[in-house]
Amino acid sequence: MIVDIPKIKFRERAFFLSYGIYLIFAILRNSFYYRYFSGIYKFIILFCCMLLVMQEIVDADISGKTWISKRIRISGKSAVGLLICGLLFCIVYSGSEGISQKAVAVVFFYIFCSRKIDFEKIARFTIILSGIVLSFVILSSYLGIIDNYLYVYAGGTRSRHLLGFRWALYAPTIFYNISALWVYLKQKTAKPWQIGMMLLIDFFLYVQTDSRSIAALTAVVLLIPAGLKLSDRINGIIGYRWQNSRIVNYAGALVIPVFVILAIASIIMGIVYDPSISWMSRINASLDGRLLLSQNAIMEYGIPWLSQNIEMVGSGFDAYGNREIKVYTYIDSFYVQTLVHYGIIFKVIFLTVITYALIRFYREKRYVLMFLFLLLAFHFLTDDLQMNLYANTFWLIIGSMLMKNGRDKAGSG
């Protein structure tokens, strides 16, 4: 097997039941199966939240002799985590329209409620469940149970199979998350045939969906175990561990501010973009017009302190295969979209938390994890799907790291 099935303790069952249901329907929501449960999706999300509350009740440290004197104790780290997650939830929820957007806010509930659960266990659970649901949707599309649209660009310059999803990026993005989690778990223990199999799946998704950047990013991630094994062989020859190298330490230190730097650069470029300046125009063209889209969004909606509702028209289809014939206005940049949509306060808290997490990873010499976050930081330039747990489960390791003493077993590299 690619990964072992995790053993779930009794006190963790409510969380994994909630997370499993949430993950399944979050993925299916982006497929053409959504037409069959769109009317009850909000109740599914509500049920998942109720299970999380049940998990906290079961897991709470309750003391006292009578029911009147019982009280729930919460550590200082958990209190700070609850405050941050609660604030971010309120900001995202208040700026969202419709259950699909509001469901994203629930991510912060999962970040808080997963703080006492080993992230390695969550990663294994996510890989297995995401892999099953992804395979189910793709197989359903080939069997004709749901639609497998072929989207052809004007002029026939590019064609993309949707594989049962409502846009071509969804399947490769889910597989990228599976691959990143798998590499995080395996690191130096991945076998060549496993890496080869994962690369073949990545290539298949690339050929079918023509999702170039995410396919290339997945391939880079999947080659990390090979790179680690090669470095160990070199270490054995020269008798020196690369983890102790000054170059590696300096490189790790440079990763710490990368999210802040790229966020500031993205926002500034969106504000000052001028198509008459040749180098700016070339960058915009290489990013498929994303600089112009960012600038249009900033000019139309401004930069608020708190969240606001914004209207974005993308390329995707609705649950019934219909597509809006409007001017494309979707903000693909995660950095710009979250600023315009959720505001300055959200952006400052987000960058502060993720930078602090990178400092912790650096101190613990978790360089593989830092490299995965480095790739994520650059991917944020052109993709906003990473806000979702099916696209980026690593949000949960940040919560665990911030609110839990110690470290999980898999993060040694």
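Select helix H12 and colour its buried residues (under 20% relative accessible area with a 1.4 Å probe, protein chains only): Val 258, Phe 259, Leu 262, Ala 263, Ser 266, Ile 267, Met 269 and Gly 270. Because they cover an arc of only 165° around the axis, taken from the directions to the C-beta atoms, they lie on the same side of H12. The model is predicted, with local features requiring pLDDT of at least 70 and side-chain atom pairs pLDDT 80 or more, while totals for chains, interfaces and linings use all residues. Residues are numbered from 1 along each chain as its sequence is written, and side-chain values use heavy atoms, without hydrogens and water.

Next, display the partners of this face. The buried residues of H12 pack (heavy atoms within 4.5 Å) against helices H11 (246–255), H13 (278–286), H14 (290–301), H15 (334–363) and H16 (367–379).

Stay with H16 and add helix H7 (170–186): each supplies at least two residues to the lining of the largest cavity. Select that lining (residues with an atom within 4 Å of a cavity point, on a 1 Å grid where a 1.4 Å probe fits but cannot get out): Tyr 176, Asn 177, Ala 180, Leu 372, Phe 373, Leu 376, Ala 391, Asn 392 and Phe 394. Seven of these lining residues are nonpolar, two are polar and none is charged. The largest cavity holds about 70 Å³ of space, and three cavities of 30 Å³ or more are counted.

Finally, move to helix H4 (residues 98–105), where Ala 103, Val 104 and Ala 105 are buried. The buried residues of H4 pack against helices H1 (13–29), H2 (41–59), H3 (76–94) and H5 (107–113).

Terms used. Buried means under 20% relative accessible area, exposed over 50%, partly exposed in between (1.4 Å probe, protein chains only). Helices (H or I, at least four residues) and strands (E, at least two) are DSSP runs, numbered from the N terminus. On a 1 Å grid over the protein atoms alone, a cavity is a set of points where a 1.4 Å probe fits but cannot get out, and a pocket is an open set with protein on both sides within 12 Å along at least five of seven lines; lining residues have an atom within 4 Å of a point. Grid points are joined across faces, edges and corners, and a volume is the space filled by probe spheres set on the points. Ala, Val, Leu, Ile, Met, Phe, Trp, Tyr, Cys and Pro count as nonpolar, Asp, Glu, Lys and Arg as charged, and the others, Gly among them, as polar.
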